[in-house]
Amino acid sequence: MDMSPMELFFALQNILLLDPSVNELGFLLDVHDGNELPTPLSKYYYLHSHALGITYQCLPALANYSQDLLLKLSHNLHNAESNIHKNVVEILIQATRTLLIINADNYTAWNIRKKMILRGLLSAEQEIKFLDLLFTKHTKSGEAWAHRTWIFYQILNLKALNKLQFSTTIQHEIIACQKAAERYPKNYYSWTYRLRVIKHPSVNLGILRDELSVMCNWIEKNISDNSGFYYTFNVLKELS
């Protein structure tokens with residue numbers, strides 16, 4: 001490769017910085033026509049209409065370099081009272097993000113990001129946006145869905161949301177689950193998370209009725225999706 005692991009790593013961060021509207025991830029054997037990136041980036045990354053592709057050949061170098069950064073810098077989070085330089089914070093965010101793009105079941109990376117959220121170094125809203133992007137590639141990652149559950153309760157239990165903010169949050173999560181189910185049918189993780197969302201004590205009857213209507217249409221088109229049927233059954237139970 002004519003780019004070092006460090007160059008590949010920072011190139012990826014610059015792509016995500018220059019196009020904050022990236023809304024789809026994928027891995028590629030090779031780049032395709034229509035690439036919006038210049039050479040030499042276009043040999044390893046593909047960007048078109050806010051869809052980002054990463055070639056398989058650079059994944060090992062990205063993973064190893066990102067893991068090395070974590071080993072060198074994650075100790076800064078051990079002392080909850082110590083101040084961390086903003087450059088270290090940024091590198092930790094970027095390194096964990098890169099590792100999770102490659103493997104969304106990286107428990108260590110999620111744990112580091114939890115610590116950063118608890119310390120106010122990374123916002124829960126930013127993390128939801130990142131998870132939305134991550135699920136376009138890793139729709140069935142159990143660790144990613146577990147992390148989203150943790151984030152969901154952080155937002156609802158620790159923030160004073162008004163009715164509109166609460167409703168918007170619930171609807172966003174339901175839509176995220178719907179997209180995940182469409183990308184990967186019979187997705188146990190997304191249906192289980194969706195059930196947790198609608199079982200929140202503050203979810204009102206209006207949201208539940210809307211969900212029942214949506215699910216009646218869904219099961220007509222997806223009659224073999226047992227997880228969807230079980231979810232619909234639980235919506236009916238919540239309404240009874």
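In this predicted model, begin by selecting residues 24-28, which form strand β1, together with strand β3, residues 51-55. The two strands run parallel and are joined by five bridges. To see one of these pairings, pick glycine 26: its bridge partner in β3 is glycine 53.

Next, add strand β2, residues 45-48. The pairing of β2 with β3 is antiparallel and extends over four bridges. Within this pair, histidine 48 stands opposite alanine 51 of β3. Follow the chain from β2 into β3: the two strands form a hairpin with two residues between them. Select serine 49 in that turn, where phi is positive, at about 50°.

With the three strands displayed, the whole sheet can be examined. It is open, its order is β1-β3-β2, and its pairing is mixed. Which strands stand at the edges? They are β1 and β2; each has a single partner strand, so one side of each lacks a neighbour in the sheet. From one strand to the next, the twist averages 20°. Helix α1 packs on this sheet, where it touches β2 and β3, and its direction makes about 5° with that of β2.

Now keep α1, residues 5-18, in view and add helix α2, residues 59-73. Two packed helices are described by the angle between their axes and by the distance between those axes. For α1 and α2 the angle is about 90° and the axes are 9 Å apart. The two helices are therefore roughly perpendicular to each other. On the α1 side, select Pro5, Met6, Leu8, Phe9, Phe10 and Leu12; on the α2 side, select Ala61, Leu62, Tyr65, Ser66 and Leu69. How many residues of this contact are nonpolar, polar and charged? Ten are nonpolar, one is polar and none is charged.

A second helix pair offers another arrangement to inspect. Select α6, residues 142-158, and α7, residues 163-183. Their axes are 11 Å apart and meet at an angle of about 170°, which makes α6 roughly antiparallel to α7. From α6, display Trp145, Arg148, Phe152, Ile155 and Leu156. From α7, the residues that meet them are Phe166, Thr169, Ile170, His172, Glu173, Ala176, Cys177 and Ala180. This contact contains nine nonpolar, two polar and two charged residues.

Turn next to the empty space in the model. Rolling a probe the size of a water molecule over the atoms shows where such space is left. The largest pocket holds about 750 Å³. To find its centre, select Pro20, Gln126, Lys129, Phe130 and Leu133, the closest to that point among the 27 lining residues. Helices α1, α3 (86-102), α5 (124-134) and α7 each supply at least two residues of the lining. Which helix gives the most? It is α5, with six residues. By class, the lining comprises eleven nonpolar, six polar and ten charged residues.

For the last stop, select serine 227 in helix α10, residues 226-239. Apart from its neighbours within four places in sequence, serine 227 is in contact with Tyr188 and Trp191. Finally, draw a line from the C-alpha of serine 227 to that of leucine 118: the two residues are 33 Å apart in space and 109 residues apart in sequence.

Definitions and conventions. Residues are numbered from 1 along each chain as its sequence is written. This is a predicted model: local features need pLDDT of at least 70, side-chain atom pairs count only at pLDDT 80 or more; totals for chains, interfaces and linings use all residues. Side-chain values use heavy atoms; hydrogens and water are left out. Axes are lines fitted to C-alpha atoms, for helices over the stretch in contact, and angles run from 0 to 180 degrees between N-to-C directions. Angles under 35 degrees count as roughly parallel, over 145 as roughly antiparallel, 65 to 115 as roughly perpendicular and the rest as oblique. Contact means heavy atoms within 4.5 Å. Ala, Val, Leu, Ile, Met, Phe, Trp, Tyr, Cys and Pro count as nonpolar, Asp, Glu, Lys and Arg as charged, and the others, Gly among them, as polar. Two strands pair if DSSP finds at least two bridges between them. On a 1 Å grid over the protein atoms alone, a cavity is a set of points where a 1.4 Å probe fits but cannot get out, and a pocket is an open set with protein on both sides within 12 Å along at least five of seven lines; lining residues have an atom within 4 Å of a point. Grid points are joined across faces, edges and corners, and a volume is the space filled by probe spheres set on the points.
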